[in-house]
Amino acid sequence: MAKRKNKGKSWGVFFITMGFIVLQLLNIFFSMAYSEAFYVAFTGKSTINTNVNFEGMPEPGSVALFFPLYTLMRTFGYKVCHWLGYHADAELDSTLVPPTLFEGGIAFVIPVFEKTSVRYKQKFNQRSRFFQIVFYLGFALYTWAICYFGMQISYFIFKQKPYMPGIIPFFVTAMALMGLEWSLTRLYYKKFPKLFKLDVLMVEHGQPVLGHFTANQKVQMKMKHH
């Protein structure tokens, strides 16, 4: 009986993982499509840069829109997994993707899923829905800002080099922004709970699940400070 239970559990995890991967592939496709469509609709401009130095390179606005759309839709994908009774482990698994300079940050990273236990669900339900939403929106916003302003600054700097092909500044910018994003993301995960005095209840797919401190925890924290 135990073997059957373990086998059933592994098959459940397998289907959830495969389903999540499919959702992510669809997410990438639709995020790219919507970012281009929204950019054209709101600005009336092409998504391709027409500057002579960067002709054929993407506009910063259209590229930057991809990230908040992708981030929010990815969060919804994790929510779907919760509805189906599974959750992602704390750490992301980058062993199934090519090694990168940023711990899988520029590759397709696969989360490890587990069946949600009653105890886990009870603890997860203690989270602050309001601050969790604020956390995700803030994450999407600063990711957009890094990409947009980073590309604008880079294009402005490299515009002074009239004989440099556009692909070179675009590649340099992409590598620099990924490094900056990787560093600021870890700082954001650490500082956000401290800023709003929140308790990190647990970690899922590398991101904190946030809740309010209990009365006993607040008393203990005051005693430590005194």
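**View 1. H205, a buried residue in a loop.** With just 8% relative accessibility, H205 falls under the 20% cut-off, so this residue counts as buried. This is a predicted model, and here we're looking at the loop between strand 3 and strand 4, where H205 is found. Check the backbone too: H205 isn't a glycine, yet its phi is positive, at about 40°. Why is that worth a look? Most residues other than glycine have a negative phi.

**View 2. K197, an exposed residue with a positive phi.** Here's another non-glycine residue with a positive phi: K197, with a value near 55°. You'll find K197 in the loop between helix 5 (167–195) and strand 3 (199–204). Is K197 buried or exposed? Its relative accessibility is 67%, over the 50% mark, so K197 counts as exposed.

**View 3. S35 and its contacts.** S35 sits in helix 1, which covers residues 2–43. Its relative accessible area is 2%, which means S35 is buried. What does the S35 side chain reach? It goes to the backbone oxygen of M32, at 2.8 Å. If you skip the neighbours within four places in sequence, S35 is in contact with S62, L65, F66 and L69.

**View 4. The second largest pocket.** This pocket holds about 390 Å³ of space. Its lining is made up of 18 residues, and T75, K79, R127, Q132 and Y136 are the closest to the centre. Three elements each give two or more residues to that lining: helix 2 (60–83), helix 4 (129–158) and strand 4 (207–211). Which of them gives the most? That's helix 2, with six residues. Sorted by class, the lining comes out as nine nonpolar, five polar and four charged residues.

**View 5. W144 and F149, an edge-to-face pair.** Search the whole structure and you get 28 aromatic pairs. One of them joins W144 and F149, with the ring centres 6.0 Å apart and 80° between the planes, which makes the pair edge-to-face. How open are the two partners? W144 has 25% relative accessibility and counts as partly exposed. F149, at 46%, is partly exposed as well.

**View 6. A cluster of aromatic residues.** Ten names to look for here, one cluster: F130, F131, F135, Y136, F139, Y142, Y188, Y189, F192 and F196. You may recognise Y136 from the pocket view, where this residue is among those closest to the centre.

Key. Residues numbered from 1 in each chain as written. Predicted model: local features only at pLDDT ≥ 70, side-chain atom pairs only at ≥ 80, totals over all residues. Heavy atoms only, no water. 1 Å grid on protein atoms, 1.4 Å probe; cavity = no way out; pocket = protein on both sides within 12 Å on 5 of 7 lines; lining within 4 Å. Points joined across faces, edges and corners; volume = space filled by probe spheres on them. Helix = DSSP H or I, 4+ residues; strand = E, 2+ residues; numbered from the N terminus. Nonpolar A, V, L, I, M, F, W, Y, C, P; charged D, E, K, R; others polar. Buried < 20%, exposed > 50% of the residue type's maximum accessible area, 1.4 Å probe, protein only. Polar contact = N/O pair within 3.5 Å; in protein donor to acceptor, adjacent residues only side chain to side chain. Contact = heavy atoms within 4.5 Å. Phe/Tyr/Trp six-rings, centres within 6.5 Å; stacked < 30°, edge-to-face > 60°.
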